[in-house]
Amino acid sequence: MKKSVKRNLIAAAFIVPSLFIFINVVIIPFVMGIVYSFTDWDGFKFAGSNFVGFDNYVRVFQDSDFLTSFGLTFKYAVCMIILVNVIGLSLAMLVTSKIKSRNLLRSIYFLPNLIGGLILGFIWKFVFTKFFVQVGEVMGNSSIFFNWLDDPTASFWALVFVGTWQMAGYVMIIYIAAIQGVSDEVLEAADMDGAGGWMRFRKIMFPLIMPAFTISLFLTLSNAFKQYDTNISLTNGGPYGTTELVAMNIFKTAFSMNQYALAQSKAIIFFLVILVVTVTQVVISKKREVEQ
Amino acid sequence: MKRRNKSTSILLEVIAWVSGLLMLLPMYIMFVNSFKGRAEIFTDTFGLPESFSFEYYAAAMDKMNFLSAFKNSLLVSVISIGLIIIFSAMTSWMLVRMKNKLSNGILLLFVGTMLIPFQSVMIPLMQYLNKWDIPSLNFSMINTHYGLIFMYIGFGLSMSVFLYHGFIKGVPIALEEAAMIEGCNTWQTFWKVVFPMLTPITMTVGILNLLWIWNDYLLPSLTLTSPALRTIPLSTFFFFGEFTIQWNLAMAGLVVSIIPVIIFYLFAQKYIIKGVMAGAVK
């Protein structure tokens, strides 16, 4: 056998298994999905489906439930970005300061991440419907402690609350890594120059941990957009479909309403929006990064 | 660092612990209510239970078929993660060493598609893999564990190839060349020399994949229909739907569901936190 042929065969042995699975699980379905979105496919046999051009896409934009879901998802993503990163960064600052038991606290803050969105949602469902109600009764008509899941506005905030509670610990870890990467010398130099705590944070720390912001914002944003598990277990879209995020809307359009082609068009639009929003975010944050 | 005055550090300590306890509060509430009777839950969700008896645990574990779910979760996660590690390490190494247009193209295919959300492929994916059925061999990608594992590998590869590729670029080639001269073939060189050097990133890849595969609900909910095949998130979902009225039973079921995670966390927390850090730095 020629040497180059043999080399190519060896290379193929290392690459083809992954490539085969990846193409079959991700690439082919993705391409199929684009094709389906332009047809009147009914979810069963694709043969016999007709090409309908942009009809599904037009219908998507006339679907008021979908538009509401999208708006809600944007609002959810914005709230999550702000809360998760403010709280995550604050926790990171706390556990990198000289407090005792910082390692234990770090583990505790991260814990909700291991439990998973579905189970977390169920746990909080109990907390909101039982614990909150009882605390409210004890305090007498509290404006905070009532069953959040009965009220459309409060339900939305319950989703944000539980999402933040889960993700803050994850981005905390990312910020810890960044903070530990800032050299003490730089901070000491700032001290020498007379920078106070806030000044030091804003002018020195903040720019140096900018790469961590890029990653954390990206993760929060893409997770918020794809949120499904907590949505199902905590509110299940209720009360009266007021907390249906976009992932859940797509799922229901396909598997409860059997409108597969329409659901697929929604899914393609969903992909395009995620693409545009996250790429924009990464480009903007990258620009603000500085070299240490 | 400037010396902080004493009251500031006490204040920080207090804030840190209050946040920590708040984080744990739902877990505490879940735990104590898993021992309470219905009447007791109705009057007091916060206090310790009157007695610690495990009757609700026994009932919950029985009704959600916990041992079977645990076994299924373990099987699916361990095999998926093992194969993700093997495939993505091999592929990434070859892609780094090939350094030509084709390898760049393949890398781009893996990494560039990271932004595709699961929702965008799930409908055609189910339709497509359904076509792989071979009834005569009893082979089916839908409603089987190996089908689920196949899909987990597919979805896990992007991030794993990305992480391995970044790491391997920094690994010097000298040792590999020495091994080749000593007479190792490519396969031996990879497993005996290269793969052991990748251990730090292998840990990271393993942990990051474990975090999502163990907790994943959506994919099993789409592919698994037989109750006997259910993983922990899936069995928790069905169990919870049935027993929302009986909160004590539901809480006991949730406690049981998260116990494996907590035990694992107690032993592996150092690696988990390191793994997440390493995954984020890239």
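Helices here are DSSP runs of H or I with at least four residues, strands are E runs with at least two, and both are numbered from the N terminus. With that in hand, let's start at A:Pro239, which sits in the loop between helix 10 (229-235) and helix 11 of chain A. The peptide bond leading into it, from A:Gly238 to A:Pro239, is cis, with omega near -5°.

Quick housekeeping. This is a predicted model, so local features need pLDDT of at least 70 and side-chain atom pairs count only at pLDDT 80 or more, while totals for chains, interfaces and linings use all residues. Residues are numbered from 1 along each chain as its sequence is written, chains are lettered from A and ligands numbered from 1 in the order in which they are written, and side-chain values use heavy atoms, with hydrogens and water left out.

Okay, staying with helix 11 of chain A. How do helix 3 and helix 11 of chain A run relative to each other? Their axes, for residues 64-96 and 246-255, come within 8 Å and cross at roughly 155°. An axis is a line fitted to C-alpha atoms, for helices over the stretch in contact, and angles run from 0 to 180 degrees between N-to-C directions. Under 35 degrees counts as roughly parallel, over 145 as roughly antiparallel, 65 to 115 as roughly perpendicular, and the rest as oblique. So helix 3 and helix 11 of chain A are roughly antiparallel. Contact means heavy atoms within 4.5 Å, and here A:Asp65, A:Phe66, A:Ser69, A:Phe70 and A:Thr73 of helix 3 meet A:Val246, A:Asn249 and A:Ile250 of helix 11. By class, that contact has 4 nonpolar, 3 polar and 1 charged residues. For the classes, Ala, Val, Leu, Ile, Met, Phe, Trp, Tyr, Cys and Pro are nonpolar, Asp, Glu, Lys and Arg are charged, and the others, Gly among them, are polar.

Next pair, also in chain A: helix 4 (residues 102-115) and helix 6 (residues 152-181), with axes that come within 6 Å and cross at roughly 135°. That angle makes helix 4 and helix 6 of chain A oblique to each other. On the helix 4 side you'll find A:Tyr109 and A:Phe110, among others, and on the helix 6 side residues including A:Trp165, A:Tyr170 and A:Ile173. The class count for this contact is 9 nonpolar, 4 polar and 1 charged.

Over to chain B. B:Phe150 lies in helix 7 (residues 145-168) of chain B. Is B:Phe150 buried or exposed? Buried means under 20% relative accessible area, exposed over 50%, and partly exposed in between, with a 1.4 Å probe and protein chains only. At 12%, B:Phe150 is buried. It touches A:Phe20, A:Ile21, A:Asn24, A:Val25, B:Trp132 and B:Met141, not counting residues up to four places away in sequence. Its C-alpha is also 7.5 Å from that of B:Ser80, 70 residues apart along the chain.

Two backbone oddities in chain B, neither of them a glycine: B:Asn65 has a positive phi of about 55°, and B:Asn138 one of about 60°. B:Asn65 is in the loop between helix 3 (55-63) and helix 4 (66-98) and is partly exposed at 45%. B:Asn138 is in the loop between helix 6 (118-130) and helix 7 and is exposed at 67%.

Last, cysteines. A:Cys79 is buried at 13%, while B:Cys184 is partly exposed at 22%. How many disulfides does the structure hold? With the cut-off at cysteine sulfur atoms within 2.5 Å, there are 0 over all chains.
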